[in-house]
Each structure stands twice: as C-alpha cells, then as structure tokens.
Amino acid sequence: MADNTLNNINSFFKLWSNRWYTRLIPAQIDKLMELERNAEFMRGLGFAFSTIKMPVFPKLSNFVSDNTLEEKPYVVIAPTASWRGREWPLSNFIEVGKRIVNYGYKVVVIGEINDEERLADLVDNLNINAINLIGKTTLPDLVEILRKASVVVANESAPLHIAASLDKNIVSIVGGGHFGRFVPYQFSATSKINKLPLVIFEKMDCFGCNWKCIYERKSKEPVKCIKDISIDKVWNQVSGLLAKN
C-alpha cells in the first residue's frame, strides 16, 4: 500500500484503511502520472529500474479480419467513461463523427452493451458510415480494433490507454478531476515512450478537484471543464491527424 496520498479518499478513511496493511510504501506528495507512481511503488518494494515502458499487446484476436474491417480506413470513437460527468456531450461526438465521415473514413463506435440505447443517436446520425460495435466485442477484440484504427477519439477511459500502448494516434477529451495523474502522459526524460495522446482540455483554477465539482450540473451531464471544450478544438486535432494519414 502506498502512503502519503489522498487520491479518492479523505484523511479519516486513509488513516483507517492504512491499518489493513502490514507495510506502507512511502510515496511523494507531488503529483505523478500513474505509471510513474507505479514505478515509485515497485522501487519501494526493492525492484531497481529507472525507465517506464508501455505494456505490449501481442495479437489477441482475428476480429478485424473476420469482420473485414481492414477494407477501409476507420476512426474509433469511444464516447463513454466510467462516470457520466466525465463524458463529452454525445451531440459533440456526433458532429465530429460527421466530419470524419466527410473526410472519407468509416467510424467504429465502441461501448458496453448497457450503452447501446443511449448511444443510438450517434450510430443513427452516421447512418451507413457507422460500424456499430457497442457491446459486440470481447476485450481482446477491442485491442485489435484499436490496433487497426487510423485515429482514436475518446474520453479519458480504458480505450484511450489501450490505444496509447498500441502507439496509435489519439485525441482525448479530458477534464480536471485527476488532471496529471492519468493524462496527460508525462514521464521522465529517461522513459521509453512512443506517441503521446493529444489531450484536449479547458484549463480551470479548480483542476485537481478529485471530481468534486464546484459547479452545478444536472444528473448525467458532464462537468463544466469537459462541457466547455468546443467541437472545433477537438476537430482541429482530429483533422490534423487524418491529414497526416
């Protein structure tokens, strides 16, 4: 167990839960990207290494070839997150999806089976240019879908981090709750990292709030720092990556 941080926990519960462990590893209070934090923890256990490396995924599935996804280049849109407050408005993803289609790409929409109904507008608006894979893939399938994507557009969520490990072109819409902990990807100069996700955000003084937003929001709406990110700001980065492809 790492000591000294209050991420996702208050001081009372930290003191209480620290009693569950036989050993606490000292952790610096300064903000660290999560991979650097994990390395700090491993060094505290006695493992000597200085560089951070992204995980490597071998080929895990034939899903892409079996479904002929290789026939035309595609962009993956991952419009969900573990908490609705962290999700960029679906209407914005729809507009970005339409622009991607106009650029000549198919759009693969991914999500869990429980998301299918609420993501229906995204699929419907893209019509025949959408490949609806919501709830239709295993985790190994998802890895292979992301591996073959030209670009990945996502909230800060698992698909973003999987795509980063696959060295993909990524545009991620990010809020301030854990800013600097999971994204942006930041490492020491000695770390061996390839492409870094392009992180789109609207900087606010309240960044680092641990998702305890001080602004009023309706249930299932995004927090202000995510809601305020413009479509054009995201599209400028997506179109730039598509142009390079």
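Which residue of E3 stands opposite Val109? In this predicted model, Val109 faces Asn132 in E3, and the pair belongs to a parallel arrangement in which three bridges join E2 to strand E3, residues 130-132. The chain passes from E2 to E3 by way of helix H5, residues 120-126, in a β-α-β crossover that is right-handed.

**Parallel strands and their crossovers**

Strand E2, residues 106-109, also pairs with strand E1, residues 74-78, in the parallel sense and over four bridges. Within this pairing, Val75 stands opposite Val107 in E2. Helix H4, residues 90-102, completes a right-handed β-α-β unit together with E1 and E2.

**The chain as a whole**

The chain contains nine helices and six strands. Its radius of gyration of 19 Å is close to the 18 Å that the globule rule gives for 245 residues, so the chain is as compact as a globular protein of that length. Taken along the principal axes, the box filled by the C-alpha atoms is roughly 55 × 45 × 30 Å. Of the 245 residues in the chain, 45% are buried, and the accessible surface comes to about 13300 Å², with 52% of that area belonging to carbon and sulfur atoms. Among the contacts with a separation of 6 or more, 64% are accounted for by residues 24 or more positions apart.

**Helix H6 and its cover**

Helix H6, residues 139-147, has as its buried residues Asp141, Leu142, Val143, Glu144, Ile145 and Leu146. The cover over these buried residues of H6 includes the strands E1 and E2, together with helix H3 (63-66), strand E4 (151-155) and helix H7 (158-165).

**Salt bridges**

The structure holds 13 salt bridges, among them the three in the table, each given with its N to O distance.

| Basic residue | Acidic residue | N to O distance |
|---|---|---|
| Arg181 | Glu34 | 2.9 Å |
| Arg86 | Glu156 | 3.0 Å |
| Arg99 | Asp232 | 3.0 Å |

In the salt bridge between the side chains of Arg181 and Glu34, Arg181 lies in the loop between strand E5 (170-173) and strand E6 (198-200), whereas Glu34 lies in helix H2 (residues 34-44), so the pair ties together parts that are 147 residues apart in sequence. Arg181 counts as buried because its relative accessibility, 16%, is under 20%.

The side chains of Glu156 and Arg86 likewise meet in a salt bridge, and since Glu156 sits in the loop between E4 and H7 while Arg86 sits in the loop between E1 and H4, the pair ties together parts that are 70 residues apart in sequence. Glu156 is buried, with a relative accessible area of 12%, and Arg86 also counts as buried, at 14% relative accessibility.

Arg99 forms its salt bridge with Asp232, and here the pair links distant parts of the chain, with Arg99 in helix H4 and Asp232 in helix H9, residues 231-244, at a separation of 133 residues. Arg99 counts as partly exposed, at 23% relative accessibility, and Asp232 also counts as partly exposed, at 44% relative accessibility. Beyond such pairs, Arg84, Glu87, Asp115 and Arg118 are joined into one network by salt bridges that share partners.

Notes: Residues are numbered from 1 along each chain as its sequence is written. This is a predicted model: local features need pLDDT of at least 70, side-chain atom pairs count only at pLDDT 80 or more; totals for chains, interfaces and linings use all residues. Side-chain values use heavy atoms; hydrogens and water are left out. Two strands pair if DSSP finds at least two bridges between them. Helices (H or I, at least four residues) and strands (E, at least two) are DSSP runs, numbered from the N terminus. A crossover is right-handed if, with the strands pointing away from the viewer, the path from the first strand over the helix to the second runs clockwise. The radius of gyration is taken over C-alpha atoms; the globule rule is 2.2 Å times the number of residues to the power 0.38. Buried means under 20% relative accessible area, exposed over 50%, partly exposed in between (1.4 Å probe, protein chains only). Contact means heavy atoms within 4.5 Å. Accessible areas come from the Shrake-Rupley method with a 1.4 Å probe; for residues, only the protein chains shown count as cover. A salt bridge is a side-chain nitrogen of Lys or Arg within 4 Å of a carboxyl oxygen of Asp or Glu.
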